[in-house]
Amino acid sequence: MQSTAPTAPTVRTAASPRTAPTATPPGALPSLRFGYGTNGLADLRLDDALSLLADLGYDGVGLTLDHMHLDPLAPDLAARTRRVARRLDALGLGVTVETGARYVLDPRRKHGPSLLDPDPDDRGRRTDLLARAVQVAADLGAHAVHCFSGIVPEGTGTDTAWKRLAESLAPVLDAAASAGIPLAVEPEPGHLLATLADFHHLRRALGDPGPLGLTLDIGHCQCLEPLSPADCVRAAAPWLRHVQIEDMRRGIHEHLPFGEGEIDFPPVLAALAATGYQGLTVVELPRHSHAGPHFAAHSLPFLRHAERTAATAPPSPAQASQQTAPPHGAPSTAPEGSSR
């Protein structure tokens, strides 16, 4: 697949995300737009990370709001966000806002508090953070805001957990509707919302609200879903608002550099292009920040090669779409555990 020529940066507004690439020739699939997550560049200053990604040829960035990269809780958030928006425009980078910072709300609890916490005030802190993220996304002209449910607290029943999740997300979805920014919930191994089926459970429970979309992590599909990753892409297409990508092995929730896991990427990228998805596909290697520039430099050529391979390969018989599924939502046996 031949990539289209890059377009000039566009001016962002709160209601108008960055424009999509120019049209591709008839019959050709559109080129995908690849980004890299700042949670995999945590040792770099944000401006340095953005400059690196632009120099490497990435189309955008998955910006995790954290103390080292656009701290959502520090003073003057709006002014700092405006500076980042100007920098993104100058570099020609699109952006998705991600909210998976490990200790941004609580220095002692990884990803705590969550939307499922027993304490309503703690749940409210997470809801407020997501609402802030929606405003940041609007100010940046981002394509979506990413979030996940959290792990079910000990002693909490499943029905209670789903009720808490729906109630906690309701004001965030209201904010997303007002801002015109999709909220893209990610199925996360080991969490209450762990699979595509769980996403649909939440969607139906909330009455299928327009702002509610899906973050699809390709590695998580390999790890946990009964469908192949390519079939997951096809099944998720109507709700797809954000994509994360890395390599992974079946039943082990460990984000791996490309080539170190089991995923066959050309069929996955072909399926993604065929859906017409125009958001960012963001490399997600949060455990590799110690060598983030190295992995950022190697990931984009791998993905572009896989994309070209998908475009030139002859049609092949449909891959077996069923995998042997681990127990529903089962935490992994890897040190990475059930959350990044």
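In the predicted model, Tyr36 and Tyr58 are both buried. The structure holds four aromatic pairs, and one of them is formed by Tyr36 and Tyr58, whose rings adopt an edge-to-face arrangement with 5.8 Å from centre to centre and 70 degrees between the planes. This pair links distant parts of the chain, given that Tyr36 belongs to strand β1 (residues 33-37), whereas Tyr58 lies in the loop between α1 (46-56) and β2 (60-64), 22 residues apart.

Another of the aromatic pairs is formed by Phe258 and Phe302, which are stacked, with 5.0 Å centre to centre and 10 degrees between the planes. Here too, distant parts of the chain are linked: Phe258 is placed in the loop between β9 (252-256) and α8 (265-274), and Phe302 in helix α9 (residues 292-312), with the two positions 44 residues apart in the numbering. Phe258 has a relative accessible area of 13% and is therefore classed as buried, the limit for that class being under 20%. Phe302, by contrast, counts as partly exposed because its relative accessibility is 29%, a value to be read against the limits of 20% and 50% that bound this class. Together with Phe265, the residues Phe258 and Phe302 form one aromatic cluster.

Helix α8 also contains Val268, which is buried, with a relative accessible area of 2%. When residues up to four places away in sequence are not counted, Val268 touches Ile218, Pro229, Ala230, Val233 and Ile263. For one of these contacts, that with Pro229, the C-alpha atoms are separated by 6.2 Å, although Val268 and Pro229 are 39 residues apart along the chain.

With regard to internal space, the structure holds one cavity of 30 Å³ or more, and the largest cavity has a volume of about 50 Å³. The lining of this largest cavity is made up of Pro187, Ala194, Leu196, Leu216, Asp217, His220, Cys221, Leu224 and Glu225. Two elements, β6 (212-217) and α6 (218-224), each give two or more residues to this lining, and the largest share, amounting to three residues, comes from α6. Sorted by class, the lining of the largest cavity comprises six nonpolar residues, one polar residue and two charged residues.

Key. Residues are numbered from 1 along each chain as its sequence is written. This is a predicted model: local features need pLDDT of at least 70, side-chain atom pairs count only at pLDDT 80 or more; totals for chains, interfaces and linings use all residues. Side-chain values use heavy atoms; hydrogens and water are left out. Rings of Phe, Tyr and Trp (its six-membered ring) pair if their centres lie within 6.5 Å; planes under 30 degrees apart count as stacked, over 60 as edge-to-face and the rest as tilted. Helices (H or I, at least four residues) and strands (E, at least two) are DSSP runs, numbered from the N terminus. Buried means under 20% relative accessible area, exposed over 50%, partly exposed in between (1.4 Å probe, protein chains only). On a 1 Å grid over the protein atoms alone, a cavity is a set of points where a 1.4 Å probe fits but cannot get out, and a pocket is an open set with protein on both sides within 12 Å along at least five of seven lines; lining residues have an atom within 4 Å of a point. Grid points are joined across faces, edges and corners, and a volume is the space filled by probe spheres set on the points. Ala, Val, Leu, Ile, Met, Phe, Trp, Tyr, Cys and Pro count as nonpolar, Asp, Glu, Lys and Arg as charged, and the others, Gly among them, as polar. Contact means heavy atoms within 4.5 Å.
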